[in-house]
Amino acid sequence: MAALGAYRCIECNGEATELYRDYQRGVLRISICKSCQKPVDKYIEYDPVIILINAVLCKAQAYRHILFNTKINIHGKLCVFCLLCEAYIRWLQLQDSSQNTDPDDLIRYAKEWDFYRMFGIASLEQTSFFIGIFITLWWMTPDMLKRKSDFILLLKALLLSTYGKLLLIPAVIWEHDYTPLCLAFIKVFVLISNSQAIRVTLNLNRILPWFAIFFGLILENGVVCLFQKMGWDV
């Protein structure tokens with residue numbers, strides 16, 4: 001039997017000791033939450049594709065299932081891959097902005113330095129965005145971020161909720177006249193996912209997560225302005 005509070009009810013966010021009870025011979029019974037009298041986690045019977053669709057729809061239940069009731073440990077790799085996607089988009093736009101038609105420019109185009117620079121800038125911007133969120137939440141709700149584990153869980157939730165950046169690659173591969181609009185929608189979708197991740201992790205209302213994201217964006221844009229003053233293309 002799991003320890004008290006090892007799992008969470010996806011409906012009311014209440015603590016639960018187990019998700020299901022195994023009666024052997026393939027007989028399983030989903031546990032019922034003592035607070036809301038609903039199944040603790042109905043998603044344990046669902047196909048991963050259905051769970052993914054519900055996560056894309058930003059359903060709080062799907063987020064609670066992923067964050068509290070599974071042992072997904074891909075947040076680090078997902079973060080790096082998303083940053084690579086963002087760096088590639090910026091690098092591609094940087095090359096497109098160059099009007100030099102000299103054949104020798106192909107050599108410069110193949111250089112990796114600009115890509116690494118874009119990766120570094122994207123990493124610093126995302127770091128400053130997260131720092132802005134953490135500072136705001138710690139200032140507004142210090143009781144909810146007392147322990148190191150609380151910060152780690154929130155960071156994991158934020159990293160996982162940036163999965164929308166993976167859509168940057170197909171948006172550019174299937175380039176069309178509405179690509180800038182698609183990129184803007186992807187940015188909004190990622191922010192909505194971040195907001196839902198904060199709300200689910202700390203069990204907050206809808207306003208405070210957006211307040212934290214707003215200050216995170218301010219700090220991120222401050223870093224962008226700093227790079228621009230240094231003469232860097234971002």
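1. Two rings of Phe, Tyr or Trp, with the six-membered ring standing for Trp, are taken as a pair if their centres lie within 6.5 Å. In this predicted model, that rule gives a count of 9 aromatic pairs.

2. One of these pairs is worth following in detail: the ring centres of Trp91 and Phe115 are 6.4 Å apart and the ring planes stand at 90°. Planes over 60 degrees apart count as edge-to-face, so the Trp91 and Phe115 pair is edge-to-face. The pair links distant parts of the chain, since Trp91 lies in helix H3 (residues 75–96) while Phe115 lies in helix H5 (residues 113–140), and the two are 24 residues apart.

3. On the surroundings of these rings, both Trp91 and Phe115 are buried, and together with Tyr88 and Tyr116 they form one aromatic cluster.

4. Rings also appear beside charged side chains. The charged end of Arg8 sits over the ring of Phe68, at 4.4 Å from the ring centre, and the charged end of Lys42 sits over the ring of Tyr43, at 5.7 Å from the ring centre.

5. Is Glu86, a residue of helix H3, buried or exposed? Its relative accessible area is 13%, and because buried means under 20%, Glu86 counts as buried.

6. Which residues does Glu86 contact, once its neighbours within four places in sequence are left aside? They are Ala122, Lys165 and Leu168. For Lys165, the separation along the chain from Glu86 is 79 residues, whereas the C-alpha atoms of Glu86 and Lys165 are separated by 7.1 Å.

Terms used. Residues are numbered from 1 along each chain as its sequence is written. This is a predicted model: local features need pLDDT of at least 70, side-chain atom pairs count only at pLDDT 80 or more; totals for chains, interfaces and linings use all residues. Side-chain values use heavy atoms; hydrogens and water are left out. Rings of Phe, Tyr and Trp (its six-membered ring) pair if their centres lie within 6.5 Å; planes under 30 degrees apart count as stacked, over 60 as edge-to-face and the rest as tilted. Helices (H or I, at least four residues) and strands (E, at least two) are DSSP runs, numbered from the N terminus. Buried means under 20% relative accessible area, exposed over 50%, partly exposed in between (1.4 Å probe, protein chains only). A charge sits over a ring if NZ of Lys or CZ of Arg is within 6 Å of the ring centre and within 35 degrees of the ring normal. Contact means heavy atoms within 4.5 Å.
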